[in-house]
Amino acid sequence: MENSKPIIILAAVISLLLIFGDSFAQPPDHTENLKKTKQKVRTVTIPISIFSKQELREKTTEEFLEAGNIIVREDGDEQTILSIRSVSETPLALAILIQDDLSSTVNLELKSLSDFIKRLPRGSRVLVAYLRGGTIQVRQKFTEDLEKAAESLRILSSSSTAAPYNPYQAVEEALERFDAIPLGRRAVLLISDGLDASNGLANSSPSQSIDLDQAISKAQRKSVAIYSFYASGSLTERANSVIILNAQSSLNKLSEETGGRAFFSGSGTPVSFAPFFREVSLSLNRQFVLSYLSTHMKKGYHRVEVTSTNPDIKIEHPKGYYYR
């Protein structure tokens, strides 16, 4: 296939070294064919993470990973891949968002979060902000000083007066901060209860949250993968199972639709976030920036599917995006 991209990934003991062959260059004849037919195209850039299914099962990294040929389809039509850029080529921009009214037990995880920030690859940019009452309190703007970003973490207020009736409006606000960052590998780590109570608890399902859908759409347009950790907040700590399910399902939808992952541990605040941080680190270390030529010029929603010819490979990616 002309549009396919073979990938070989080599993982070092401490960090992942992503190596690409000459075959990553786009075959020129296919692009030339598009020009000759004068077919209108536009460039689309999305984040993808590539794993072996064994890695996901065992939650470990393999030393050698043959990812096979990468194929992109938009609305069912195969598209032309322009490039797939690696960790070493594109530093990470990560926004860490923490809901301020979460259970005080989350404060016990601040050391793990600080260590996670400090272990990010050199050149990573980190923003730290807290979600309060539907807006964000930025503690640290995007910076490459990982120590400074880690030191900006503070104890949660754990007060209902700080509760956002809707964390997704604040997520949208935080996504605007990526406009000042060069296009590349982008991600959000959201620690939240995920509950949208703006229309009442009875209407808190993910299918009824307009702001959730808007946050997903904005993240897709800005090529930001969202990873989410569930923890109980002032409205969910003593809520019934239906409300908690709505909250967790909303976080799951946010992450799946943007190419990230959602993490839960039962219906309450996890005993430890450490396993979650390990999995997020694995995902970010296996994250690439994929650019392709879209032949669909019609405004509206476009479905995206990224697959590999290797059946043992799983690729996480945004499910689609809105073109306006």
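**Two serines, one helix and a four-stranded sheet**

Ser 223 sits in the loop that links helix 6 (210-221) to strand 11 (224-230). In this predicted model, the backbone of Ser 223 has a positive phi of about 60°, although the residue is not a glycine. Is Ser 223 buried or exposed? Its relative accessible area is 5%, under the 20% that serves as the limit for burial, so Ser 223 counts as buried.

A second serine invites a side-by-side look. Ser 158 is not a glycine either, and its phi is also positive, at about 55°. This residue is found in the loop between helix 4 (146-151) and helix 5 (167-175). With a relative accessible area of 29%, Ser 158 is partly exposed, whereas Ser 223 is buried.

A step back shows the chain as a whole. Its secondary structure comes to 8 helices and 16 strands. Of the 324 residues in the chain, 55% are buried. The accessible surface comes to about 14200 Å², and carbon and sulfur atoms account for 50% of that area. Contacts tell how the chain comes together: among those between residues at least 6 apart in sequence, 80% join residues at least 24 apart.

How far can the details be trusted? The mean pLDDT of the chain is 87, and 86% of its residues reach 70 or more. Among the elements of the chain, helix 4 has the highest mean pLDDT, at 98, and strand 2 (residues 16-19) the lowest, at 35. Over residues 10-28 the pLDDT is below 50, yet this stretch has 43 contacts in the model beyond near neighbours in sequence. Where pLDDT is low, the predicted coordinates should not be read in detail.

Helix 3 (residues 110-118) is a good place to see how burial follows the form of a helix. Its buried residues are Leu 110, Leu 113, Ser 114, Phe 116 and Ile 117. Seen down the axis of helix 3, these residues fall within an arc of 160°, so they line one face of the helix. An α-helix has 3.6 residues a turn, so residues three or four places apart point the same way. What do the buried residues of helix 3 pack against? Their partners are strand 7 (92-99), strand 8 (125-132), helix 4, strand 10 (185-192) and helix 8 (274-285).

One residue of helix 3 can be followed further. Leu 110 lies in this helix, and its relative accessible area of 15% makes it buried. Leaving out residues up to four places away in sequence, Leu 110 touches Leu 153, Arg 154 and Ile 155. Leu 110 and Leu 153 are 43 residues apart in sequence, while their C-alpha atoms are 7.2 Å apart in space.

Strands, too, come together from separate parts of the chain. An open sheet of 4 strands has the order 6-13-3-15, with antiparallel pairing. Which strands stand at its edges? Strand 6 (80-85) and strand 15 (313-316) do, and because each has a single partner strand, one side of each is left without a neighbour in the sheet. On average, neighbouring strands of this sheet are turned by 35° against each other, direction ignored. The partner of strand 6 is strand 13 (residues 287-294); the two run antiparallel and are joined by 5 bridges. Within this pairing, Ile 81 stands opposite Tyr 292 of strand 13.

Terms used: Residues numbered from 1 in each chain as written. Predicted model: local features only at pLDDT ≥ 70, side-chain atom pairs only at ≥ 80, totals over all residues. Heavy atoms only, no water. Pairing = 2+ DSSP bridges. Axes fitted to C-alpha atoms, helices over the stretch in contact; angles between N-to-C directions. Buried < 20%, exposed > 50% of the residue type's maximum accessible area, 1.4 Å probe, protein only. Contact = heavy atoms within 4.5 Å. Areas by Shrake-Rupley, 256 points an atom, 1.4 Å probe, with all protein chains shown as cover. Arc of directions from axis to C-beta. pLDDT = per-residue confidence, 0-100.
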